[in-house]
Amino acid sequence: MAGSPWPDLVVRDKATKKAYVVRTGGQTNFQRGRRAIAGWKGMDLIAATHDLTGDGVPDMVARNATTLMTGVFPGTPQGGFGAPVLDTTRFRAADQVTGVLDLTGDGNNDLVARMGAAKSLWLFPGNGHGGFKKRRRLSADWGSYNRTVGVGDLTGDGKNDLLARRAGRLYLVPGVGRRIGTPTLLARGWGRFSIIAGAGDLTNDGVPDVVVKNAKTRLVSIFPGNGSGRLGRPLGPFGQFKNLNYIAAVGQLTGDPGTDLVGRNGKGGMFVFPNNGGRNIETVTNTGIALRGTNLILNVGDWNSDGKGDIVTRTAKTGNLYLRPGDGTGRFGSRVLLAKGWGGVRLVAAVGDITGDGHPDLMGQPARAAMRIYPGDGATGFLPSYVAHSAISSNGHSGLGLWDGDGSPDSLLRRGDGTLRLYPGNGPGGLMNSRKIGAGAKVYDWLQSVGDATGDGRPDVVARESATGKLWLLPGAGNGFGARRIVAFGFGRYDLSS
């Protein structure tokens with residue numbers, strides 16, 4: 001509807017009644033891990049540094065726990081790490097080390113480490129060739145901070161910053177030229193995280209973010225930066241990193257468009273997890289129309305065969321259905337009457353081309369009657385309707401697209417106990433017997449099929465949690481749904497969606 005390759009939602013503001021198009025952007029996620037280097041079980045300090053060697057490929061620094069020699073391991077064009085270009089004893093007394101990008105402003109990336117009995121914080125300026133210049137002390141006493149993390153330019157002032165944790169509180173440590181500024185409290189309750197890492201834009205919006213791992217659940221989340229020194233509410237969780245004891249943002253190691261993650265498993269294998277380049281929400285665009293007196297919005301695809309996505313709305317007072325033709329940029333033209341007398345039809349859903357004639361269709365259940373197919377005519381009306389299935393007891397219905405991959409669109413219906421049931425399409429335009437594919441859906445007041453929002457070839461569902469206004473992605477996975485992930489916050493302001 002809004003000119004991107006990813007699915008869109010249409011929502012209505014409950015106060016103003018204005019309609020908006022919410023553009024999804026592929027959903028922030030990471031591909032399956034690829035082995036980058038083995039034999040790192042004995043490394044006790046590891047830091048992702050972006051590029052220390054000057055070849056444009058991210059590198060890693062790691063210290064051997066036995067020899068206390070620290071190596072600079074150059075990234076390779078194949079997405080791995082080679083033999084160290086430098087072995088040094090300069091970090092023998094360190095108990096924290098982190099990559100901080102270019103803290104000095106000389107064009108070379110640097111390291112920061114906490115050193116010695118005094119727990120002083122030191123800057124090790126990079127020389128651009130995999131080595132380091134003379135160190136410079138940043139703070140005489142850093143002993144109260146049990147985590148120090150380089151995060152890039154979190155404040156948006158053009159200088160790279162640090163984060164530090166003390167007594168469960170997270171502090172922003174601003175970069176000020178070749179020094180650091182006074183730490184300021186950023187957030188409380190960060191003692192629950194076993195891993196805190198930064199120095200990368202993980203959500204693909206141009207702003208640095210912070211990745212964390214919960215010590216209890218072992219799940220990873222991303223706190224998105226807002227570009228002015230604050231962190232938003234966490235996105236995720238991401239379950240594929242449970243078995244890792246080290247995680248960091250390394251930069252663009254695999255040639256993909258986003259910042260990749262690296263992680264070490266218990267056997268000492270280092271893996272790279274390529275960023276898929278997706279964004280949960282691209283934009284929220286005003287459609288230019290208000291939908292007062294409307295009690296239903298349907299995202300129907302290209303109903304009128306002009307190559308652009310359209311919506312259908314229902315007027316609460318009359319039960320009339322209207323077509324709103326889209327212009328392909330997220331805006332809609334004047335309404336056109338489709339049909340009258342739909343006020344008593346329940347479970348109305350856009351179900352795609354279930355009849356196989358190339359035109360989108362609707363499905364719904366008239367009062368005290370069977371579920372029916374209402375075939376679109378490819379213009380501004382319907383062909384004669386017919387029964388698709390006997391009456392179904394449900395409080396929610398969404399077309400799922402080609403869920404089971406057999407070429408016939410399927411439907412998702414929610415029962416009163418919150419179970420989700422798949423009703424497969426039978427090919428001729430009806431529904432077959434159902435099977436359970438999910439549960440626990442009573443917490444949602446929206447269940448919207450959005451097609452493939454993640455780019456993995458499976459249809460997905462977006463759900464709104466009624467109590468919080470949180471928008472969740474329920475990713476299609478085999479015979480059901482994978483672990484839900486946050487898409488966005490603040491959707492309590494809307495009362496209708498499709």
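Biologist: How many aromatic pairs does a search of the whole structure find?

Modeller: The model is a predicted one, and searching the whole of it gives 18 aromatic pairs. One of them joins Phe30 and Phe238, whose ring centres are 6.1 Å apart and whose planes meet at 75 degrees.

Biologist: Why is the pair of Phe30 and Phe238 called edge-to-face?

Modeller: Two rings pair if their centres lie within 6.5 Å, and planes over 60 degrees apart count as edge-to-face. The centres of Phe30 and Phe238 are 6.1 Å apart and their planes stand at 75 degrees, so both conditions are satisfied and the name edge-to-face follows.

Biologist: What makes this a link between distant parts of the chain?

Modeller: Phe30 is in the loop between strand S2 (18–25) and S3, whereas Phe238 is in strand S21, and 208 residues separate the two in sequence. These two residues also belong to one aromatic cluster, together with Phe241 and Phe273.

Biologist: Is Phe30 buried or exposed, and how do you know?

Modeller: Buried means a relative accessible area under 20%, and Phe30 has 7%, so Phe30 is buried. Its partner Phe238 stands at 3%, and therefore counts as buried too.

Biologist: Why is the pair of Phe491 and Tyr494 called tilted?

Modeller: The planes of Phe491 and Tyr494 are 55 degrees apart, with 5.2 Å from centre to centre. Planes under 30 degrees apart would be stacked and planes over 60 would be edge-to-face, so a pair with an angle between those limits is called tilted. Phe491, with a relative accessible area of 5%, is buried, and Tyr494, at 5%, counts as buried as well.

Biologist: How do you know that the charged end of Arg166 sits over the ring of Tyr171?

Modeller: For an arginine, CZ has to be within 6 Å of the ring centre and within 35 degrees of the ring normal. The charged end of Arg166 is 4.7 Å from the centre of the Tyr171 ring and is listed as sitting over it. Arg335 likewise lies over the face of Tyr322, at 4.0 Å from the ring centre.

Biologist: What is unusual about the phi of Ala167?

Modeller: Most residues other than glycine have a negative phi. Ala167 has a positive value, near 55 degrees, without being a glycine. Ala167 is located in the loop between strand S13 (161–166) and strand S14 (169–173). Ser305 has a positive phi as well, of about 65 degrees, and lies in the loop between S26 and S27.

Biologist: Why does Ser305 count as partly exposed, and which word describes Ala167?

Modeller: Exposed requires a relative accessible area over 50% and buried one under 20%, with partly exposed in between. Ser305, at 43%, falls in the middle class and so counts as partly exposed, whereas Ala167, at 77%, is exposed.

Biologist: What kind of peptide bond runs from Gly236 to Pro237?

Modeller: Most peptide bonds are trans. The bond from Gly236 to Pro237 has omega near 0 degrees and is cis. Pro237 has its place in strand S21.

Biologist: Which strand gives the largest share of the lining of the largest cavity?

Modeller: That share comes from S21, with 3 residues. Among the residues lining this cavity are Gly236, Phe238, Arg485 and Ile486, and its volume is about 50 Å³. The structure holds 1 cavity of 30 Å³ or more. By residue type, the lining divides into 4 nonpolar, 4 polar and 1 charged.

Biologist: Which residues are closest to the centre of the largest pocket, and how many line it?

Modeller: The largest pocket has a volume of about 1100 Å³. It is lined by 48 residues, of which Leu298, Ala350, Ser398, Gln448 and Ser498 are the closest to its centre. The largest share of this lining, 8 residues, comes from S30, and the lining as a whole divides into 22 nonpolar, 17 polar and 9 charged.

Biologist: How many helices and strands does the protein have?

Modeller: The secondary structure comes to 0 helices and 44 strands, and the C-alpha trace spans about 80 × 40 × 40 Å along its principal axes. Of the 498 residues in the protein, 56% are buried.

Conventions. Residues numbered from 1 in each chain as written. Predicted model: local features only at pLDDT ≥ 70, side-chain atom pairs only at ≥ 80, totals over all residues. Heavy atoms only, no water. 1 Å grid on protein atoms, 1.4 Å probe; cavity = no way out; pocket = protein on both sides within 12 Å on 5 of 7 lines; lining within 4 Å. Points joined across faces, edges and corners; volume = space filled by probe spheres on them. Helix = DSSP H or I, 4+ residues; strand = E, 2+ residues; numbered from the N terminus. Nonpolar A, V, L, I, M, F, W, Y, C, P; charged D, E, K, R; others polar. Phe/Tyr/Trp six-rings, centres within 6.5 Å; stacked < 30°, edge-to-face > 60°. Buried < 20%, exposed > 50% of the residue type's maximum accessible area, 1.4 Å probe, protein only.
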